[in-house]
Structures are given as C-alpha cells and as structure tokens.
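Biologist: Could you take one strand of this model and walk me through its surroundings with some care? I would like to follow the reasoning step by step.

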Amino acid sequence: MEKSYEDINKEICDIYRKLSEDGNSFKGSDIYKLYRDYLKLCMMTSTNHPNFDYDKDLYPYGNCYCYALGFRCPSIFAKLFNEKCLIFFPYNVGLMHSFFTNHKNCVGDLESDLDTLGVKYFETDYDMPNEHGGYKISLYESSDDFHFIRQNEDGTWSHKLGYSDLVERIDNPSKYLFDEYERIKTLEIVKPVLRKKM
C-alpha cells in the first residue's frame, strides 16, 4: 500500500520525537541512520521545482550537495551528531551508504545516493529542456574535491559555497568553475514527490 503525504509527515514527526526524547542516549551511528531515514522521507515531501528566493536560507548546516539535492538538515540532527562523533556531520556524496567520499568515485556515489533515495535521473546538458518533470544538477570535480550547482524553476542556476552561508546565483554555467573545478556530469533529477506543485 502506498504511503500518503500525511503518512510521510507523521513518520518525519516520529523521527523528531525520537531525537527529542531519546537523542542523548543515541550513538553517532544511530543519529546518522535516522538522518538517512529522514532524507528518504523528505524526498517525497520535497519539490522538483526549486525556487532560489524561497529556499536559499534553508541549508545552514549543509554544503553544495545538500543545496543541489534539497537535503535539509534540522539543527537537532547536526547538534546531536556533533556531540556524539569525532567527525563532522556527513554531507558528502555517498552519504546514503558511507561516512566518507572517495572523490575518485563521485559519479558512482552520486548515482548510488539517488537510487537509494528513489530519485530518477537522466543525463542531459545545460541547454537541454527538462523532459521528465524534474530539474537539473551539475557535478564538478577538482583533483581532491567536488562541487554541485542546480537549476532553479525559473531557469537560473545557483549554488552554495561549501559550508558557508553564501548561496548565490550563477550567470552562465560553464565547463569550468572557479578555474579549479571541471564539469563532469549534468543530470535531470526527478524526486518521488507525493504532492504535486500547486
């Protein structure tokens, strides 16, 4: 039986309740598992039409990957995980199956994350139309890092600069970014959203 939008919201509330009531007794691995469960649920209450002005301030704890895919991290997750673990909260590509990212396998880790989250993806390019009802993300890589940008519903592009508070528009996506990152792949992603855009 398929879950309803209301069922998903109830499960998200149950996760918040567990964290509020029992979070101090959880190990870091418990917090991490709950966060991954939370992200799977959030993909169904998310959007395939990201809006720059609406959500540019909704990612205080995340990086460019969180921003591009719409991975919001409530403060209770970040706080508890930072209290329980020696490493920072994991926002890297591959976070659905591993704490660490192998930058040599960024594309594989990205596709694994999307598969785990039930997000469909289709190879495309900047100037191609979105043919599947989703929006575009682009993965860039340097010798030891990655960066993501996303397309907004109005056709503009934007990104978050690392873990800083700076979220900004990009005039024209190009093959290179910051003279350091090279574009590897552009995908149209389609989240399994239960409630369609009004």
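Modeller: Let us look at strand S2, in which Tyr 135, Ile 137, Leu 139 and Glu 141 lie on one side and Lys 136, Ser 138 and Tyr 140 on the other, and the residues on both of these faces are buried. Please keep in mind that this is a predicted model, and that what follows describes the model as it was computed. A residue is called buried when its relative accessible area is under 20%, and because 7 of the 7 residues of S2, which spans residues 135-141, are buried, the strand is largely enclosed by the rest of the structure.

We can then ask which strands pair with S2, and there are two to describe, beginning with strand S7 (residues 181-190), which pairs with S2 in the antiparallel sense over 7 bridges. Within that pairing, Ile 137 has Leu 187 of S7 as its bridge partner. The other pairing is with strand S3 (residues 146-151), which runs antiparallel to S2 and is joined to it by 5 bridges. Here Ser 138 is the residue of S2 that stands opposite Ile 149 in S3. S2 and S3 also form a hairpin, with 4 residues between the two strands.

Taken together, S2 has both faces covered by the rest of the structure, while it pairs in the antiparallel sense with S7 and also runs antiparallel to S3.

Technical notes:
Residues are numbered from 1 along each chain as its sequence is written. This is a predicted model: local features need pLDDT of at least 70, side-chain atom pairs count only at pLDDT 80 or more; totals for chains, interfaces and linings use all residues. Side-chain values use heavy atoms; hydrogens and water are left out. Buried means under 20% relative accessible area, exposed over 50%, partly exposed in between (1.4 Å probe, protein chains only). Two strands pair if DSSP finds at least two bridges between them.
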